[in-house]
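Me: I'd like to learn how to read a structure like this one, feature by feature. Could you walk me through it?

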There are 2 protein chains.
Amino acid sequence: MSGTLFGIGLGPGDPELMTLKAHRLIRNAKIVAYPAPLGGDSFARSIAADAIAPDAREIRIEIPMDVARYPAQDAYDAAATQIATALSAGGDVVVLCEGDPLFYGSFMYLFARLSGRFQTEIVPGVTSVTACAAACKRPLSARNEVLTIIPGTLDEGELIARIEAADALAIMKVGRHLPKIRKVLAAQSLTENAAYIAHASLPNQVSLPLSQAPEKAPYFSMILVTKGGDPWLS
Amino acid sequence: MSGTLFGIGLGPGDPELMTLKAHRLIRNAKIVAYPAPLGGDSFARSIAADAIAPDAREIRIEIPMDVARYPAQDAYDAAATQIATALSAGGDVVVLCEGDPLFYGSFMYLFARLSGRFQTEIVPGVTSVTACAAACKRPLSARNEVLTIIPGTLDEGELIARIEAADALAIMKVGRHLPKIRKVLAAQSLTENAAYIAHASLPNQVSLPLSQAPEKAPYFSMILVTKGGDPWLS
């Protein structure tokens, strides 16, 4: 009997934003796996740290973050092999995922490699998108509005088109793309409609109007834009 | 000293998908408010039921669900007045919100009326979007994909345009709009790419390929569509 692969959403960073279910499964886990940058600390592990049993076996999934050949498929191959060995031996494996496992996460690359052979269960988590809305206390989308979630990594032309077409939008993975995003929003007269949030839910959380945002943004930052489509919210 | 207004996300329905923070705040709350259909049971209250203290005061926010003049602004006026009275008397008020308070929820109409006068805190929750992805075990969006969240209430022309422009999409509030959505997806040859999910995370959860979905969908149902933009996920 093989074990089950669990993909567990941890939420945006505050350990108290883990779900009760995530907390229970992590507390009881004998094998815990998590992504980590090469040689660096794992953000996912830091969220769950207090829940991990002291005698749990830990599998670090080392992902090179700066390789040109994104998304580092060799690293996922190696991690999947290691996890498959544990599952085949009958152990359940709990994979810790920042935010939600199936929302812009690296878990889906493990899932694609393993779900054909092993039982899987996904525990959804609070995403950074709603955590950022909570941080800046702005409704994300109401009534009949379409909400568009855009990676800041898109090129300028694509960004312009997507932002123009959107009712309300969340721009993720801002980081080094901040100057480009600022420029596109300014050209569409949306700077005043935009909020900048970094490290949502963590002690170092920053939440500012975009016009007051710093010059440099961390990778875990986001810009939320509404166009005022709901007259009842003004 | 006035009390604080808390907007608490409860997640999609399974009480174990509440966050630890939501659970703590609800357990300790002396005044709990929640939306309910006129004369009917409150879904939000049902999610949180086991956490509500037996001696907590409960404020039902009765929202007429079928009024033409959406979104029932008179009901929110009345509820805001009642909650303002409690806050002014110094009590904190915890408002229970299905999913996330600022993501297509009715809480934002209370928030718009009260946040200028009272301290507020928002606790984000797991949305139905990621809960549906977990239910059908499909990645929502990866890498550089744009994720578009579309209310099924849009008219057919708008739906066609939005679906055509999207990379990956979640169509919410399916309900009686299912035939229209089916037709639009079929016309774009996307039926095979679409999953149907109802009552995500609850005991009566349904998760099927759209081609096998029932004729009638409940309000709490969703369709997820991916267009296969990430070659590493096939």
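Reply: Happily; we will go from confidence to overall shape and then to two loop residues. Keep in mind that this is a predicted model.

Me: What average pLDDT does chain A have?

Reply: pLDDT is the predictor's confidence in each residue, from 0 to 100. Chain A averages 93, and 94% of its residues score at least 70. For the complex, the predictor gives an ipTM of 0.95 and a pTM of 0.95.

Me: How many helices and strands does chain A have?

Reply: Seven helices and ten strands. Along the principal axes, the C-alpha atoms of chain A fill a box of roughly 60 × 35 × 30 Å.

Me: What radius of gyration does chain A have, set against a compact globule?

Reply: A compact globule of 234 residues would come near 17 Å, and chain A has 19 Å, which agrees. Buried residues make up 57% of the chain. Of the contacts in chain A with a separation of 6 or more, 71% are between residues 24 or more positions apart.

Me: Which residue other than glycine has phi near 50 degrees, and where is its place?

Reply: That is Lys173(B), with a positive phi. Lys173(B) sits in the loop between β7 (168-172) and α7 (178-187) of chain B.

Me: Is Ser189(B) buried or exposed?

Reply: The cut-offs are under 20% relative accessible area for buried and over 50% for exposed. Ser189(B) is exposed because its relative accessible area is 62%, whereas Lys173(B), at 10%, counts as buried. Ser189(B) also has a positive phi, near 55 degrees, and lies in the loop between α7 and β8 (194-198) of chain B.

Technical notes:
Residues numbered from 1 in each chain as written. Chains lettered and ligands numbered in written order. Predicted model: local features only at pLDDT ≥ 70, side-chain atom pairs only at ≥ 80, totals over all residues. Heavy atoms only, no water. Helix = DSSP H or I, 4+ residues; strand = E, 2+ residues; numbered from the N terminus. Rg over C-alpha atoms; globule rule 2.2 N^0.38 Å. Buried < 20%, exposed > 50% of the residue type's maximum accessible area, 1.4 Å probe, protein only. Contact = heavy atoms within 4.5 Å.
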